[in-house]
Amino acid sequence: MRIGFIGTGAMVSAILRGAVRAGADASTFVLADRNFSAAVALSEEIGATPARNNATLASQVDLVFLGVKPHIQREVIADIASTVKERNIAVASIAAGRTIDAIISDFGAAVPVVRVMPNVNAQIGLSMSAICSDAASRAQIDAVTTLMGFVGRTIALDEKDFPAFQALASCSPAWTFQIIDTLARAGVKHGLSKSASTTIAAQALAGSAQLCLHSLESGTQPAQLIDQVTSPGGTTIAGLLAAEEAGLNTALIHAVDAAIARDAELA
């Protein structure tokens, strides 16, 4: 299946580079961008084919991957709508807040749409991506799932669950970076350098996340892992209770609530 990518920004570039590193055949990719030189540069880097414009791209592929910002998506759809409808090809979208119904409405016809929500960790092949579709074929959904699988884990969700997913997966990296930076500043307070503190905190969180994922495979929940590292009367329980008293749990839940509320406003 030939896939065309409209937009070659940070997220699409991360997906494409990750896919090629994982063994995807870049000759099946066609790239277009309003800045044609950007499409040419990335195409030459990974071995894909550049297209002069969006309509030309749509005429060459079996699936169009819309990799542009939400406020630009309608403009792009206008460029490719007639070709997509005439050729009955599928469309994938990574635009936050743009529902399947909204995208179909812009096309003016019931085209097959796959909605995808990746996160910034696609840059290093560790994305968590959600995928949903109402009308795409199994082959079309599988093509998108395979593509996103090259840069991390995927999960199939109902579209109604995308706002919660976005908060947990797309927004949380920024909150995690904040947690790492805060822990690092605490390290500086107690005599460590900022560089050493940041490395220590980041590696500890990265390892903890991997341990959590590994443990889930055997049915071990995060709360059980907490119990494993919390000795009676020790340093961990002292810090854990202090964090809870300061509102850590409530703050994280409030962050998720606020992100979901803002998503509803944007939609």
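Two strands count as paired if DSSP finds at least two bridges between them, and helices (H or I, at least four residues) and strands (E, at least two) are DSSP runs numbered from the N terminus. The exercises below concern a predicted model, in which local features need pLDDT of at least 70 and side-chain atom pairs count only at pLDDT 80 or more, while totals for chains, interfaces and linings use all residues. Residues are numbered from 1 along each chain as its sequence is written, and side-chain values use heavy atoms, with hydrogens and water left out.

**Exercise 1. The sheet**

Find the order of the eight strands in the open sheet, and state which strands lie at its edges.

Solution. The order of the strands is 3-2-1-4-5-6-7-8, and the pairing in this open sheet is mixed. The edge strands are strand 3 (49-50) and strand 8 (152-156), each of which pairs on one side only.

**Exercise 2. Strand 2 and its partners**

Work out how strand 2 is joined to strand 3 and to strand 1, and which residues stand opposite each other.

Solution. Begin with strand 3, which runs parallel to strand 2 and is joined to it by two bridges; here Val30 stands opposite Thr49. Between these two strands the chain passes through helix 2 (residues 36-46), making a right-handed β-α-β crossover, where right-handed means that, with the strands pointing away from the viewer, the path from the first strand over the helix to the second runs clockwise. Turn next to strand 1 (residues 3-6), which is parallel to strand 2 (residues 29-32) and connected to it by four bridges. Across this pairing, Ile3 faces Phe29 and Phe5 faces Leu31. Strand 1, helix 1 (residues 10-21) and strand 2 also make a right-handed β-α-β unit.

**Exercise 3. The two faces**

Decide whether the residues on each face of strand 1 and strand 2 are buried or exposed.

Solution. Recall that in a regular strand the side chains alternate between the two faces of the sheet. In strand 1, Ile3 and Phe5 point one way and Gly4 and Ile6 the other, and all are buried, that is, under 20% relative accessible area, as against over 50% for exposed and in between for partly exposed (1.4 Å probe, protein chains only). Strand 2 is likewise covered on both faces, with Phe29 and Leu31 buried on one side and Val30 and Ala32 buried on the other.

**Exercise 4. Strands 4, 5 and 6**

Identify the residue opposite Ile6 in strand 4 and the bridge partner of Ala92 in strand 6.

Solution. Strand 1 pairs with strand 4 (residues 63-66) in the parallel sense over four bridges, and in strand 4 the residue opposite Ile6 is Leu66. Strand 5 (residues 90-93) runs parallel to strand 6 (residues 113-117), with three bridges between them, and Val114 is the bridge partner of Ala92.

**Exercise 5. Two loop residues**

Place Asn88 and Thr230 in their loops, and decide whether each is buried or exposed.

Solution. Asn88 belongs to the loop between helix 4 and strand 5, and its phi is near 55°, a positive value in a residue other than glycine. With a relative accessible area of 56%, Asn88 is exposed. Thr230 is in the loop between helix 9 (222-229) and helix 10 (235-246), and its relative accessible area of 19% makes Thr230 buried. Finally, a polar atom of the Thr230 side chain lies 2.5 Å from the backbone oxygen of Ile226.

Definitions and conventions: A polar contact is a pair of N or O atoms within 3.5 Å; within protein, one must be able to donate a hydrogen and the other to accept it, and residues adjacent in sequence count only if both atoms are side-chain atoms.
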